[in-house]
Amino acid sequence: ITITDVQAVVAAHYRVTLADLRGPSRARHLVRARQMAMALAYSATRHSFAVIGREFCRHHTTVIHARETIAHATRRAPELLQLFDRLWREAQA
């Protein structure tokens with residue numbers, strides 16, 4: 001599995017483009033999709049934060065923040081955890 005595989009699965013689910021995930025926009029729906037993709041990329045590929053950050057045109061600290069944000073959100077919202085798991089499985093396929 002590659003970071004691009006993860007990006008494609010997340011982009012399809014959230015109905016955004018790969019350019020949106022890598023772009024500079026801070027629109028709420030894009031931020032959530034981007035955070036989900038970064039967290040999934042870290043879980044699925046185990047690339048370093050720096051490598052994942054480069055694939056999203058972001059700093060490694062943004063990837064760390066995204067992973068922590070998604071981890072916190074999945075603890076509060078079981079449906080988000082289910083979505084994370086489903087997207088992880090789709091990226092593996």
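Thr45 sits in helix H3 of this predicted model. With a relative accessible area of 17%, Thr45 falls under the 20% cut-off, so the residue counts as buried. The side chain of Thr45 does not go without a polar partner: it reaches the backbone oxygen of Ala41 at 2.5 Å. Setting aside residues up to four places away in sequence, Thr45 touches Ile1, Thr2 and Ile3, and also Leu40 and Ile52.

Just past this comes Arg46, in the loop between H3 and H4. Arg46 is exposed, at 58% relative accessible area. Its backbone stands out a little, too: phi is positive, about 60°, although Arg46 is not a glycine. Most residues other than glycine have a negative phi. Arg15 tells a similar story. Arg15 follows H1 and lies in the loop between H1 and H2, with a positive phi of about 55° despite not being a glycine. The relative accessible area of Arg15 is 77%, over the 50% cut-off, so Arg15 is exposed.

Helix H1 itself covers residues 3-14, and its geometry checks out: at 1.5 Å a residue, its 12 residues should span 16 Å, and the end C-alpha atoms are indeed 16 Å apart. On the inward side of the story, Ile3, Val6, Gln7, Val9, Val10 and Ala11 of H1 are buried. What covers these buried residues includes helix H2 (18-22), H3, helix H4 (49-55) and helix H6 (78-92). Val10 gives a good idea of how this works, being in contact with Ala33, Met36, Ala37, Leu40 and Leu87 once neighbours within four places in sequence are left aside.

Val10 also turns up in the largest nonpolar core, which has 30 residues; Val10, Met36 and Ile52 touch the most other members. H1, H3, H4, H5 and H6 each supply at least two residues of this core. The largest share comes from H3, with 10 residues.

Ala33 offers another look at H3, which runs over residues 28-45. At 0% relative accessibility, Ala33 is buried. Beyond residues up to four places away in sequence, Ala33 touches Val10, Tyr14, Val16 and Leu21. Ala33 can also be placed relative to the exposed Arg15: the two are 18 residues apart in sequence, and their C-alpha atoms are 9.2 Å apart in space.

Over in helix H5 (residues 60-76) there is Thr74. Like any residue under 20% relative accessible area, Thr74 counts as buried, and its value is 14%. Leaving aside neighbours within four places in sequence, Thr74 is in contact with Leu80 and Leu81.

That leaves the pockets. The largest pocket holds about 180 Å³ of space. Its lining is made up of Pro24, Arg26, Val31, Arg34, Gln35, Met38, Arg58, Thr62, His65 and Ala66. H3 and H5 are the elements that give two or more residues to this lining. H3 makes the largest contribution, with four residues, so to speak doubling up on its part in the core, where H3 also supplies the largest share.

Conventions: Residues are numbered from 1 along each chain as its sequence is written. This is a predicted model: local features need pLDDT of at least 70, side-chain atom pairs count only at pLDDT 80 or more; totals for chains, interfaces and linings use all residues. Side-chain values use heavy atoms; hydrogens and water are left out. Buried means under 20% relative accessible area, exposed over 50%, partly exposed in between (1.4 Å probe, protein chains only). Contact means heavy atoms within 4.5 Å. The expected span of a helix is 1.5 Å times one less than its number of residues. A nonpolar core is a set of buried Ala, Val, Leu, Ile, Met, Phe, Trp, Tyr and Cys residues joined through side-chain atoms within 4.5 Å. A polar contact is a pair of N or O atoms within 3.5 Å; within protein, one must be able to donate a hydrogen and the other to accept it, and residues adjacent in sequence count only if both atoms are side-chain atoms. On a 1 Å grid over the protein atoms alone, a cavity is a set of points where a 1.4 Å probe fits but cannot get out, and a pocket is an open set with protein on both sides within 12 Å along at least five of seven lines; lining residues have an atom within 4 Å of a point. Grid points are joined across faces, edges and corners, and a volume is the space filled by probe spheres set on the points.
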